[in-house]
Amino acid sequence: MTLVDILQQQPSADTLQLWLRKVPYAAFLGIKAELRDGEILFILPEDKKLVGNSSLPALHGGVVGAFMEQAAAFHLIAKMRKPALPKIINFSLDYLRPARLCATYAQCTLTRQGRLIANVTITAWQEDRAQPNAIARTHFLLPETD
Amino acid sequence: MALCLLIVHIVHSRSPSGLSVALLSKAQKLRLVKVMSKHIPHAALLGIQVVGIDGEELSLKLPYQEALVGDPDAGTLHGGVLTVLLDQTLGMSTVCSDRVNPAVTPTLDLRIDHLGVAPPGMDIFACARVYKSTRKILFVEGFAYCESRDKPIAKAIGSWVRVADVDLAWLLDTAQTGAQQ
């Protein structure tokens, strides 16, 4: 089954895991997802291989960004009438505090979905959602079929 | 990211106030970058290598790997892989600047424009340099490409904060020791 086939399945806790397992880099990072109050909570479990600063230790900033980008893409796909892979146009990331070596969470907001472009904002945190480690904003080009 | 590894040492080192910028040789910059790389396990895991330093511009390379694919139907790399490579390249290029001495510089922000897709199977190169520095902020730009640097697949711009100076003599000594190991 291709990724696009898998994406046609109604988003649920199980299909989200299928999506994440089908994307090699998402599987490599170990990204997981759960449904919480109807919204998707993305989880990047603690993993030593994601460390970018061994003396703190802290997660690689780029990994936190990659996790947030993957969360944004799947958050958007879950809200598409006819799911397909959107193309990322740009990604803008603000680092607010270093991400320690522990589980990281992300939730997204589809701020606007037009005919061509979608704007998604992402918040990533560790212990306390009120103290985010990073926030990001991304634009996707939507497939013409949706 | 860059030089955070030195944070433990910084607590004990005095800020070299009034110190003029010491121009590092290409070999000294290369040693610094290689020593820093050793303290960034995730970059090593991905096989990110130093390609070279040309003036103030640092070049790194990320070898293509199937584990890093984002679209399994097309075999193309995940956009987030470019975020990792560009964060790494822009962050490490801060020690290649001839305008300011190396410092502890966490990333403030990073913006990436995705101009194209890396063709399946191809290694990705990234180049970056500090284009403006102030007392506290380093403004860095960079790009990534596969076939030719005239055809970038992504452009990046970001800022890094100089939170503490480092003792350059100590740093070079560490780099020297590191290079001999």
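Where chains A and B meet, 34 residues come from chain A and 36 residues from chain B; two residues are in contact if their C-beta atoms, placed from the backbone, lie within 7 Å. Strand 5 of chain A gives the most to the side of chain A that touches chain B, with eight residues. That side has 18 nonpolar, 12 polar and four charged residues.

This is a predicted model, where local features need pLDDT of at least 70, side-chain atom pairs count only at pLDDT 80 or more, and totals for chains, interfaces and linings use all residues. Residues are numbered from 1 along each chain as its sequence is written, while chains are lettered from A and ligands numbered from 1 in the order in which they are written.

Now for the sheet. It is open, has 12 strands and pairs them antiparallel, in the order 1(A)-2(A)-6(A)-7(A)-8(A)-5(A)-6(B)-9(B)-8(B)-7(B)-2(B)-1(B). Helices (H or I, at least four residues) and strands (E, at least two) are DSSP runs, numbered from the N terminus, and two strands pair if DSSP finds at least two bridges between them. Strand 1 (32-36) of chain A and strand 1 (49-54) of chain B stand at the edges with a single partner strand each, so one side of each has no neighbour in the sheet.

Here are two of the pairings:

| Strands | Bridges | Opposite residues |
|---|---|---|
| Strand 1 and strand 2 of chain A | five bridges | A:Lys32 and A:Ile43 |
| Strand 5 of chain A and strand 6 of chain B | five bridges | A:Asn90 and B:Asp113 |

Key:
Ala, Val, Leu, Ile, Met, Phe, Trp, Tyr, Cys and Pro count as nonpolar, Asp, Glu, Lys and Arg as charged, and the others, Gly among them, as polar.
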